[in-house]
Amino acid sequence: MTQTTRREVMALISGALAGATLGGPAFAQGTPKRGGILRISAPANPSSLDPATGGAGSDHAFLFTMYDTLTEWDFETLKPKPGLAESWSFSDPTTLVLNIRSGVTFHDGTPLDAEAVKFNLERNKSDPKSNIKADLAAMESAAVTGPLQVTLKLSTPDAALPGILSDRAGMMVSPAAVKASAAGNVARTPVGAGAYTFVSWADGEKIVIKRNEKYWKPNRPYPDGIEFSIIPELTTGSRSVTAGQNDLMYQLPPRQKAIVERASNIKIFNGPTLYVFQIFLNWAKPPFDNIKVRQAFNFAIDRETFVKAALAGLAEPAYMNLPKAHWAYDKSVAGLYPHDPDKAKKLLTEAGFKDGLPIELVGYPDQDSVQRQEILIEQFRKAGMNVRFLNAPIAEASAAFFGAEKRGSGILAAWTGRPDPSLTYSLMFTKDAYYNGGRGAVPPELEAAIKESRASEDIELRRKAFATVQRLVMENAFVAPLAFQFELVAMNKKVQGYRPNLLGKPKYDDVWLES
Amino acid sequence: MARRSPTRVIGGRLLQALPVILLATFMVFALLKLVPGDIAVTLAGDNATDARITEIRKIYGLDRPFLVQYGAWLANVVQGDLSQSLLTGEKVATSISRAFPNTLLIVAIALVLALVTGIPMGVIAAIKPDGWVDKTVSMIASLGVAIPGFWLAMILVAEISLKLNWLPATGAKSFSVSPIEAIRHALLPGIAIAAYGMAEVARQLRGSLLEVLSSQYVRTLHAKGLSMTRILWQHGLKNVSVNLFTIISILVNRMLAATVVIEAVFAIPGLGSLIVRGAIQRDFPIVQGVVFTMVIVVILVNLIADLLCAAVDPRIEQ
């Protein structure tokens with residue numbers, strides 16, 4: 001970087017100051033202590049507090065506090081690590097043995113043992129209301145092979161399972177609670193084995209949870225409880241933190257960062273996440289049925305500028321569906337589409353669009369989305385593409401693009417990422433996947449490579465398989481990734497021990513409150 | 001013509017309300033179904049396949065014909081059940097009974113503020129028309145009408161909450177638990193909505209009071225030697241009170257509508273926030289429930305206003 005704008009200098013200075021005065025994430029101050037209520041501004045009402053029946057990615061911020069998962073992930077790289085299962089192993093490629101931690105109980109006092117794990121996995125796999133059947137598609141049966149041991153029989157090798165069990169599918173619900181409730185509906189009466197127990201949920205208003213006194217992790221959690229205020233208007237949410245009514249807010253919009261930082265009592269944490277802004281393409285119909293047009297489209301995008309202009313520099317330019325920090329990132333793929341408008345024009349000419357190409361994309365009408373669109377329209381214009389956005393509210397736009405209507409040739413939206421990358425790829429780049437908007441054909445070697453990525457649990461072999469998957473997706477230009485959003489979390493100085501994570505869904509494992 | 005008894009009048013009016021409720025809920029239901037986008041997609045979750053979405057439609061009865069779905073909702077309502085949120089399963093009646101007091105408090109505060117400030121402004125302006133007081137009042141009134149409520153709301157938060165720290169910036173408290181805290185939370189949103197009401201009250205009152213004060217009987221009163229104060233309080237205001245009640249009923253309806261935006265700015269979990277959330281997620285039982293409640297409130301407010309008008313002015317046929 002030869003030129004540094006004033007804004008960047010300011011950002012550097014404020015970053016340095018923050019580092020010096022607050023001692024950023026790496027230098028936690030003081031000794032953690034118990035007590036206090038953590039008040040959080042949450043941007044969305046959960047769709048359900050039952051991990052099996054809920055649907056929204058925003059639910060995890062609540063679910064993780066009340067449900068522990070069979071496996072957990074490393075905050076920085078998302079590599080799976082032991083959770084409720086203290087160890088696991090593939091005795092052969094289609095047999096996964098889980099060893100459950102001893103002495104763990106659910107909030108209702110019932111034991112979390114092999115029977116309970118089997119019950120949950122079977123419920124997730126076959127209950128009609130379960131939304132996560134697909135996650136456990138490879139699981140044929142779960143058998144109790146010891147008081148604390150469950151053995152999963154798989155129909156095909158699935159090395160993604162340990163990662164998958166760190167998400168909804170691995171959240172353990174008390175079987176007693178499910179059996180006791182009408183029609184097994186525990187959406188509003190969650191009973192898990194997590195750090196906090198459920199107290200109350202008033203829709204769109206407040207969720208209250210309190211410390212699980214019998215939690216298995218020593219000394220955790222530190223706060224007596226958490227109160228989530230549900231504030232969908234993000235500007236209002238950040239004001240509630242600057243005004244002192246809440247202690248912490250996650251999903252702070254990048255444009256709010258400068259405003260919030262003006263308040264002297266607030267610190268902001270950020271880090272990359274899997275959440276990627278991208279343009280999904282419909283490659284089953286013109287013009288994107290032509291690979292040259294898709295490649296031209298990718299060459300036309302100036303991702304560095306996009307990050308600076310649209311996301312206040314608080315993002316990582318995206319050249320594939322995984323960010324640099326991820327364990328399966330492949331550097332060589334990242335070089336495929338440097339910003340090159342001339343190359344884009346050349347490819348368009350070869351594809352028969354010498355005099356420019358009109359493209360209709362679907363988008364969302366909110367202020368931030370429209371700003372992103374304006375920046376992109378200009379970049380595409382310079383490469384000979386005349387892009388027009390058809391905007392509609394999120395539910396309508398995504399149903400129109402991914403559903404039966406097939407509106408537009410692409411949609412500027414986002415992908416929230418998955419704990420195991422094989423899900424990300426199979427949900428977007430297989431023939432019948434919902435997020436393959438056109439249900440367009442996919443080269444057989446790509447489908448094979450996605451399968452291959454699940455075949456072995458050896459992380460080096462998986463890394464190689466994902467390199468092939470990523471290369472095939474990007475060489476075919478089935479998607480135009482733009483930028484990985486940073487997780488921005490604003491909190492007052494009382495809050496200590498918060499760590500951002502790569503999944504971008506906040507966990508409050510080590511958080512404590514200074515009085 | 002003999003006057004009908006008030007109970008019969010009220011009964012008749014409530015009967016008339018039935019078709020209005022039916023029409024309003026049907027129209028809103030139809031609109032929600034016409035707008036593209038579908039709660040089944042939300043319900044199916046992030047990993048959904050087409051097959052799963054179809055399956056969800058079946059489970060929740062969203063694949064039934066439009067009229068059947070409306071009929072099912074209506075049948076529940078007739079039995080006193082507003083059904084439940086498709087997404088979270090909370091009873092709609094529970095959501096509404098929690099949200100309604102928050103909205104009611106804001107509207108009540110806004111109305112009181114609008115009247116307490118608007119009436120004196122209107123009266124003073126009418127006594128000396130075209131004087132500097134009148135012109136100032138006109139200017140303030142124009143500003144009040146012109147300034148958008150949400151903008152005023154944000155300015156109020158920035159100055160009064162964030163800078164001076166006098167009043168809370170967001171949220172609501174229950175009036176039954178702590179009345180003072182509840183009013184402190186509702187004051188800023190109340191002011192934001194009241195600005196428009198104040199302007200409207202002042203302008204309308206000035207207009208109708210001017211008309212009364214320039215009428216012949218007031219000239220006679222002057223000739224009899226009555227003081228301006230007595231003319232104003234005993235005759236003038238009594239005669240404009242009919243207009244005032246009408247203005248109030250219109251204002252209450254407008255203010256209810258304004259809460260949709262204001263509640264978002266202040267993160268108040270009221271009826272406005274509820275209907276917005278319901279509409280965005282296509283969670284139609286919520287939207288239907290709120291519309292149903294709002295229609296009843298509007299009809300009641302209008303009825304009360306009409307009864308009050310008839311009480312002060314016997315010439316009005318009920």
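Is F29(B) buried or exposed? In this predicted model, F29(B) turns out to be buried, at a relative accessible area of 0%. Its ring partner is F66(B): the two ring centres are 5.3 Å apart with the planes at 35°, so the pair counts as tilted. F29(B) comes from helix α1 (residues 6–34) of chain B and F66(B) from helix α4 (residues 66–78) of chain B, so the contact ties together parts that are 37 residues apart in sequence. F66(B) is partly exposed, with a relative accessibility of 28%.

Across all chains, the structure holds 29 aromatic pairs. One of them joins F402(A) and Y435(A), which meet edge-to-face at 4.9 Å centre to centre, with 70° between the planes. Here F402(A) sits in helix α13 (residues 394–402) of chain A, while Y435(A) is in the loop between α14 (421–428) and α15 (444–452) of chain A, so this pair links parts 33 residues apart in sequence. F402(A) is buried, with a relative accessible area of 3%, and Y435(A) is buried as well, at 16%. Both rings belong to one aromatic cluster, made up of F280(A), F401(A), F402(A), W415(A), Y434(A) and Y435(A).

Rings in chain A also pick up a charged neighbour. K507(A) has its charged end over the ring of W73(A), 4.1 Å from the ring centre. K507(A) also lies over the face of F64(A), at 4.7 Å from that ring's centre.

Methods. Residues are numbered from 1 along each chain as its sequence is written. Chains are lettered from A and ligands numbered from 1 in the order in which they are written. This is a predicted model: local features need pLDDT of at least 70, side-chain atom pairs count only at pLDDT 80 or more; totals for chains, interfaces and linings use all residues. Side-chain values use heavy atoms; hydrogens and water are left out. Rings of Phe, Tyr and Trp (its six-membered ring) pair if their centres lie within 6.5 Å; planes under 30 degrees apart count as stacked, over 60 as edge-to-face and the rest as tilted. Helices (H or I, at least four residues) and strands (E, at least two) are DSSP runs, numbered from the N terminus. Buried means under 20% relative accessible area, exposed over 50%, partly exposed in between (1.4 Å probe, protein chains only). A charge sits over a ring if NZ of Lys or CZ of Arg is within 6 Å of the ring centre and within 35 degrees of the ring normal.
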